[in-house]
Amino acid sequence: MNRLYNIVLNLARSVLPAVSNFGLAYLGIKYLGQESWGAFLSILLWVNLAVFVADFGNKDYLIRKYSTDPSKVSSFYYQSLFSRLPLLSFSFALFLFFEPFTALLGFILVVFIFLFQSLNSLVLFYRSFLFQILSEFISFLGIAALFHFQQDFDVNALLLLYIFAYFAKSTLVIFSLKSLWPLKGIQFSIRELRSMFPFFLIGLSGFLASKIDVYLVSIYLSPSALSEYQIFLMAFTMVQALPAMAVYPFLKHVYRLNSDVFSKINRLLFLFAWPTVAIASLGIWTLLHLFLKLNIPNLYYLGGALYALPSYFFILDIFSLYKEKMEKKVVKVNFLAVLVNFVFLLFLIPHWGLDGVLFGSILTQFLILISYKLLNAHKTITPFKGKSLFGF
């Protein structure tokens, strides 16, 4: 029962930020308007990029390192934290693109998000899921309430609001992590950065593959178009992520499955995908078209479904490559997707606008699907060992 409780909490902890971000985008557009929310989003995109660089694959690297010597968790954590602090200097680029005060607030927000995300490895290792869930929930309610009662936020006010939200979230999570004290291992280590670099590359390939279209939209199209595309994409990205969320809690068991059971689960995911994506797409249409009243053509929702569908068919192919210690293949596929999508969008956006963005993103997802199927068809698969977790 305790194991199931932790699985459910971890799943909730993983899903809640995406749901919270979608909810805030929905409320931002509803109360502030597409133009205002899009202007804020254009800054937030570059803030998140700066945070990603400073994170540097920290979470996955540290979780593996903690398991080697749990008595040194505090030292490992602080050595990683202080080694990555110089990477925050990349966020000074904000001053090149935004007004000085806006850039300063953006930099402060980068620091607070960086500190909050740095706690993720400890939350996962000590399973302090409940406090992180509470912090996310309280933060969402606070921002949502302010949106409702105070509807004339400008970009700087929104940045301040997010700074206080991340400060509150970090404080609550730190309160639950007694392992942070005493302070140990406070030193900069270039060797630590070199050790984290492979994890950074894996994360970078995935980050760019999933975000390149949004960044190009922010450059080429209006803030209003950006806010519209963001909420549309976030909705279908959550649908796209469902198979990974379903498999991750059982991943160590999945790695032990034999090849026959592995194929059966693949077939189940194939059958599960069609009704799931169809029902989710109808729900998204209802929310965005009827409640938010966004002027998104109905054909876009079919496009969103086509964008989400391929992940259900290749998610287990990714884990099969991980099983065979072929992570570099995954990185190569992701970077290929980034390159192809970038070329598609550079050509399509000037001519077709958002139509071109969606069309290019759909083509890229099917290219990823074909790539993984070809990789798994041509590799020698080591049979998965053990009995099926699902009883086949």
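**Note on a helical model**

1. Helices α2 and α6 are oblique to each other, because of the angle between them. Oblique covers angles that are not under 35 degrees (roughly parallel), over 145 (roughly antiparallel) or 65 to 115 (roughly perpendicular). This is a predicted model: local features need pLDDT of at least 70, side-chain atom pairs pLDDT 80 or more, while totals for chains, interfaces and linings use all residues. Residues are numbered from 1 along each chain as its sequence is written, and side-chain values use heavy atoms, without hydrogens or water.

2. Now the numbers for this pair. α2 spans residues 34-55 and α6 residues 100-118. They pack at about 45°, with axes 9 Å apart. Axes are lines fitted to C-alpha atoms over the stretch in contact, and angles run from 0 to 180 degrees between N-to-C directions.

3. Which residues of α2 and α6 make the contact (heavy atoms within 4.5 Å)? From α2 they include I43, L44 and V47; from α6, L109, V110 and I113 are among them.

4. The protein chain has 17 helices (DSSP runs of H or I, at least four residues) and zero strands (E, at least two). Among its contacts between residues at least 6 apart in sequence, 84% join residues at least 24 apart.

5. Of the 392 residues in the protein chain, 50% are buried (under 20% relative accessible area, 1.4 Å probe, protein chains only). The largest nonpolar core (buried Ala, Val, Leu, Ile, Met, Phe, Trp, Tyr and Cys joined through side-chain atoms within 4.5 Å) holds 109 residues. L109, F147, Y162, I231 and L288 touch the most other members.

6. Leaving aside neighbours within four places in sequence, Y162 contacts L24, W37, F40, L44, L109 and I143. A second, separate core has nine residues, including V261 and F319.

Note on methods: Contact = heavy atoms within 4.5 Å.
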